[in-house]
Each structure stands twice: as structure tokens, then as C-alpha cells.
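Here is a friendly note for anyone opening this structure today. Please have the sequence and the 3D view side by side as you read.

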Amino acid sequence: MDFPERATMSETIETPTTQFLTAHGVAFTLHDYDYVSDPGKIGLHAAAGIGIDQNKVFKTLMVEIDKKQIVCVAIPVHKKMDLKKVAALFGGRNARMLGAEKAEALTGFKVGGISPFGARTQVPVVLDESVLKLDTLYINGGGRGLVVALKPVDAIQCVNARTADVTVPDA
């Protein structure tokens, strides 16, 4: 596997995400960065912090559809999610971001550290279709300031994720 060198960090860091990926036989590398709590820009800081192109680094967003179904949506950090597309994907009419407190209780992760892998409660996962063009996906590793790098096909398979166009078109 041609992942970049592991960032400077301890080999012993374990999160529910790394435990989940290991249990599912998924090869990954773990990278750390200095976490900056800057709403709306955490993913951009992550991409800059690990020195990886923004198209390859995905942020994880928790969404509630029609006030009854919760899904996890991952998109490139520099993109905006199209809530109407997400709702339609699940046969819904409306979608909204899940509040931080509810997202943390559901996933077991802190906002800024939510991962689609190893959440306390597994919900449907959608990865933006741009993931299919990547050799390596970088996504939250289950803790603030941690990113895992893995093959997109492995990410899709281990959580049975759907891929779809779920972002707002570039202006």
C-alpha cells in the first residue's frame, strides 16, 4: 500500500475508529495535526495540518432526515453539503445538520473528531462520489487532531457506504 509516511506520533494511539478498522482488516495510517476549533473550517485546518490536498481530505457531518433518520455524510473539506440531495437520497423531503450534543451522544465522538468508522451507533454512511477518483482517502480518525488514510474501496466496504453527489456545485 502506498500511503505517505506516518506523521510524527505514537504508534500506541487507539480510538474507536482505529479499533474498528483493525477489526475489519482495513489497512490504514494515522496522522495527527494541531487541532483548531474553528467552526466550518476544522477540515481545512486538518488538510493543511497534514499537508494533503483538500480534495483528498473529507469532513464528516451528521444529518437528520425528516426528523426521523440520521445519516453520516462525508464530503471534501472545502465543499458544502447539499442537504436537499442528501434528503432525496433517502427518500426524504428535508434534511438538517444534527446538533452537536445529539451527534456526540449518538456517535461517542466529540464534534471535530466524528468518524464514520467505529461510532457508538452505526448509521447509514454516504461518501461524496468524488471519493471514487481518489487513491487514498483522508478522514477523521476518531479524535480531534487525528486523521486516518485508507483506500476508498476499503472505506466504502467496511461500513457498506453509499456514494453519491451530495455537494453544492462549485460556483
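The points below go from the whole chain to a cavity, a helix and a few loop residues.

1. Please keep in mind that this is a predicted model. Its chain has 171 residues, and 51% of them count as buried. The accessible surface comes to about 8800 Å², with 49% of that area belonging to carbon and sulfur atoms.

2. The secondary structure is made up of five helices and eight strands. If you trace the chain from the N terminus, you meet the elements in the order α-β-α-β-β-α-β-α-β-β-β-α-β. Contacts across the sequence are worth a look too: taking those between residues at least 6 apart, 64% join residues at least 24 apart.

3. How many disulfides are there? The count comes to zero. Two cysteines can still be found under cover: Cys-72 is buried because its relative accessibility is 2%, below the 20% cut-off. Cys-158 falls under that cut-off as well, so at 14% it is also buried.

4. Next, have a look inside. The structure holds one cavity of 30 Å³ or more, and the space in the largest cavity is about 50 Å³. Its lining includes Met-62 and the buried Cys-72, and a run of names from further along the chain joins them: Thr-107, Ser-115, Pro-116, Ala-119, Thr-121, Gln-122, Val-123 and Val-125. What kinds of residue make up this lining? Six are nonpolar and four are polar, while none is charged.

5. Helix α5 spans residues 152-159 and is mostly covered, with six of its eight residues buried. Those six are Pro-152, Asp-154, Ala-155, Ile-156, Cys-158 and Val-159. Which elements do they pack against? The partners are helix α1 (16-23) and the strands β5 (125-128), β6 (137-140), β7 (146-150) and β8 (162-164). After α5 comes Asn-160, which has a positive phi near 55°.

6. Two more positive phi values sit in the loop between β2 (57-65) and β3, where both Asp-66 and Lys-67 are found. As background, most residues other than glycine have a negative phi. Asp-66 is not a glycine, yet its phi is positive, near 50°. Lys-67 is not a glycine either, and its phi is positive at about 55°.

7. Are these two loop residues buried, partly exposed or exposed? Asp-66 has a relative accessibility of 27%, which lies between the 20% and 50% cut-offs, so it counts as partly exposed. Lys-67 reaches 68%, over the 50% cut-off, and is therefore exposed.

8. Another lysine makes a good contrast. Lys-79 lies in the loop between β3 (69-76) and α3 (83-89). Is Lys-79 buried or exposed? Its relative accessibility is 17%, under 20%, so Lys-79 counts as buried. What is Lys-79 in contact with, leaving aside its neighbours within four places in sequence? The contacts are Lys-59, Thr-167 and Asp-170.

Notes
Residues numbered from 1 in each chain as written. Predicted model: local features only at pLDDT ≥ 70, side-chain atom pairs only at ≥ 80, totals over all residues. Heavy atoms only, no water. Helix = DSSP H or I, 4+ residues; strand = E, 2+ residues; numbered from the N terminus. Buried < 20%, exposed > 50% of the residue type's maximum accessible area, 1.4 Å probe, protein only. Contact = heavy atoms within 4.5 Å. Areas by Shrake-Rupley, 256 points an atom, 1.4 Å probe, with all protein chains shown as cover. Disulfide = S-S within 2.5 Å. 1 Å grid on protein atoms, 1.4 Å probe; cavity = no way out; pocket = protein on both sides within 12 Å on 5 of 7 lines; lining within 4 Å. Points joined across faces, edges and corners; volume = space filled by probe spheres on them. Nonpolar A, V, L, I, M, F, W, Y, C, P; charged D, E, K, R; others polar.
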